[in-house]
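Let's take a friendly walk through this model together. Have the sequence and the 3D view ready, and we will begin with the cysteines.

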Amino acid sequence: MTHDTDTDSALDPTPIALITTMSPDGSVNIGPMSSAWALGRTIVLGWEATSQTLANLARDGQCVINYPHADQWAKVEAIATLTGRNPPAAHKADRFTYTNDKWTPGGFTPLPSAGVRPPRIAECAIHCEAEVRGIHEPSGPDRDGFRIVETYVRTVHARRDLVDPAIGHIDTDAWSPSLYVFRDYFGTGPRLGRTRRR
């Protein structure tokens with residue numbers, strides 16, 4: 001037996017990312033999201049069509065993909081109902097509040113980037129400086145609701161204590177990304193095994 005569920009909820013546990021972009025007024029927008037996946041240096045982002053982050057990506061073509069640790073979920077939630085779009089999109093007007101400063105309510109600190117205009121978020125331990133390579137309209141009934149943004153990562157920053165020097169990769173015992181599962185926040189559990197592909 002099956003039961004229909006809310007199709008607006010994410011079906012897969014995905015890492016939360018905070019995307020920093022430049023707004024037209026010169027302020028930095030922080031867009032929390034959980035619709036991202038990576039293949040090599042390409043990170044694909046799914047954005048609602050009316051979001052300020054999408055508008056900034058389309059206009060400026062640069063961003064930083066900042067990954068918060070699991071214990072920072074409350075910082076993400078603190079900006080979850082704030083929007084950089086003024087006025088908020090009509091379908092968000094009753095739930096979202098406009099602000100051009102999400103740094104203060106989130107308790108975040110800007111950190112200069114190496115090769116893109118938007119700054120990194122100092123409190124996040126992993127940052128990917130990226131450029132937009134394409135914005136795609138999906139097919140089917142969702143075509144008006146969101147866009148698929150293809151970014152190419154130019155530079156990756158990882159806090160030194162998270163990198164295993166023996167393999168040059170992230171130490172998964174030290175790093176626990178914040179995950180979004182059916183509108184709830186989770187961290188990762190203990191490691192169950194390790195692949196032989198090193």
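A disulfide is counted here when a pair of cysteine sulfur atoms lies within 2.5 Å. With that cut-off in hand, what does this predicted model show? The structure holds zero disulfides. Take Cys 63 as an example: the closest cysteine sulfur to its own belongs to Cys 128 and sits 9.1 Å away, so the two are too far apart for a bond. Cys 63 has a relative accessibility of 0% and therefore counts as buried. Cys 124 is also buried, because its relative accessible area is 3%, and the cut-off for buried is under 20%.

Now turn to a hairpin. Strand β4, covering residues 36-39, pairs with strand β5, residues 42-48, in the antiparallel sense, and four bridges join them. If you want one pair to look at, Ala 38 has Ile 43 in β5 as its bridge partner. Two residues lie between the strands of this hairpin, and Gly 40 takes a positive phi near 65 degrees.

From there, move on to the second largest pocket, which has a volume of about 560 Å³. Which residues lie closest to its centre? Of the 20 lining residues, those are Ile 126, Ile 170, Thr 172, Trp 175 and Pro 177. Two elements, β11 (126-136) and β12 (146-158), give two or more residues to the lining. Sorted by class, the lining of this pocket consists of 12 nonpolar, five polar and three charged residues.

Definitions and conventions. Residues are numbered from 1 along each chain as its sequence is written. This is a predicted model: local features need pLDDT of at least 70, side-chain atom pairs count only at pLDDT 80 or more; totals for chains, interfaces and linings use all residues. Side-chain values use heavy atoms; hydrogens and water are left out. On a 1 Å grid over the protein atoms alone, a cavity is a set of points where a 1.4 Å probe fits but cannot get out, and a pocket is an open set with protein on both sides within 12 Å along at least five of seven lines; lining residues have an atom within 4 Å of a point. Grid points are joined across faces, edges and corners, and a volume is the space filled by probe spheres set on the points. Ala, Val, Leu, Ile, Met, Phe, Trp, Tyr, Cys and Pro count as nonpolar, Asp, Glu, Lys and Arg as charged, and the others, Gly among them, as polar. Two strands pair if DSSP finds at least two bridges between them. Buried means under 20% relative accessible area, exposed over 50%, partly exposed in between (1.4 Å probe, protein chains only).
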